[in-house]
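Visitor: I'd love a close look at one part of this model, the pockets, and a short stop at any annotated site afterwards. Please take me through it slowly.

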Amino acid sequence: MQSGSKSKREGWRSELPREGVGAAVIEKLKEEKRKDAIWQGKCSGTVYIGGSEYEGHFSLINEACSMFAHTNPLHLDVFQSVARFEAEVVAMTAALLGSKGKSSGGEICGNMTSGGTESILMAVKSSRDYMKDKKGIKRPEMIIPESAHSAYDKAAQYFNIKLRRVPINKSTVLIVGSAPGFPHGIIDPIEELGELAFSYDICLHVDLCLGGFVLPFARMLGYPIPPFDFSVKGVTSISVDVHKYGLAPKGTSVVLYRNHDIRKHQFVAVTEWSGGLYVSPTIAGSRPGGLIAGAWAALMSLGLEGATMHLSLVAYPNAPLNACV
């Protein structure tokens, strides 16, 4: 936050105002917003929705988020609408990634999270605990390539897992691949990794945070995309960001598992708390229902044809457009 010898924090408020400013706070928000960089259509890898934020798809998801801004899926009995939205976003995402295929096993399941990092954290945590139950591994290790996202380093620190970039050993609980990796846009050999994971009876997580809403549609358009999803034997979990090419609001991602036996290790359940039963599926307790509603609205408004058309225009400008009609 430093710029030369002068801090950018100079003039920032450090305590509550004595008197509230009421509705005038909106003008203050607009004033601060004008200081942001002009990002519309200019920040690839940061904002994935084109056009004005006051029109079209932007306006639609803003309205959806606003309608459900005060909801919280932690309270399923109160906000049943948001619970349904989350379940359907997960199911729609899973369907793009092989959940309907025979090789998936028919048990693909998951949850929404705040982003790709949390999706990866949840997959790593679940894999660690699943392999502890399955093989009794108490000093877990995971193997990642140099190009893997830094979220794996964070997961290793959070969950006390040794991070290796060396051959598999008897303490390995998880190997990972990316489709594609964020730094270079290269798809790792997921089929080969799947064979390796299956032969050693360990977990394989595929990071599809960037490619989850690109590769399925590229495949539909006829591009030679190598297998990358639950159609690959050995893949046990996948992370997908809806807030990238799913064109959903920031703070929406999905983590998927091959079966319920793995996913159950993601949950924390406290049954003897004086405040009653507490069950949380992700790192956060309370979660913003407005973002879940925004993600649902984004996917529903686009549909399969709209998402395919968007991919063909943005990522593959020379694609055969009749393929998505």
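Guide: Gladly! In what follows, Ala, Val, Leu, Ile, Met, Phe, Trp, Tyr, Cys and Pro count as nonpolar, Asp, Glu, Lys and Arg as charged, and the others, Gly among them, as polar. By that scheme, the lining of the second largest pocket has 5 charged, 3 nonpolar and 1 polar residues. The model is predicted, so local features need pLDDT of at least 70 and side-chain atom pairs pLDDT 80 or more, while totals for chains, interfaces and linings use all residues. Numbering runs from 1 along each chain as its sequence is written, and side-chain values use heavy atoms, without hydrogens or water.

A pocket here is an open set of 1 Å grid points where a 1.4 Å probe fits, with protein on both sides within 12 Å along at least five of seven lines; lining residues have an atom within 4 Å of a point. The second largest pocket has a volume (the space filled by probe spheres on the points) of about 260 Å³. Its lining is made up of Glu-10, Gly-11, Trp-12, Arg-13, Pro-17, Val-21, Lys-28, Glu-32 and Lys-35.

The largest pocket comes to about 400 Å³. It has 18 lining residues, and Pro-73, Leu-74, Leu-76, Val-279 and Pro-281 are the closest to its centre. Helix H3 (80–96), strand S3 (109–113) and strand S11 (278–280) each give two or more residues to this lining; helices are DSSP runs of H or I, at least four residues, and strands are runs of E, at least two. H3 gives the most, with 4 residues. Nonpolar residues number 11 in this lining, beside 4 polar and 3 charged ones.

Now for the annotated site. UniProt, in an unreviewed entry, places "modified residue: N6-(pyridoxal phosphate)lysine" at Lys-244; such annotations may be inferred rather than shown by experiment. Lys-244 sits in the loop between S8 and strand S9 (253–257). Lys-244 counts as buried because its relative accessibility is 11%, and buried means under 20%. The side chains of Lys-244 and Asp-241 share a polar contact of 2.4 Å, that is, a donor and acceptor pair of N or O atoms within 3.5 Å.

Strand S8 (residues 237–241) also holds Ser-237. Ser-237 is buried because its relative accessibility is 1%, and its side chain makes a polar contact of 2.7 Å with that of His-205.

Note on methods. Buried means under 20% relative accessible area, exposed over 50%, partly exposed in between (1.4 Å probe, protein chains only).
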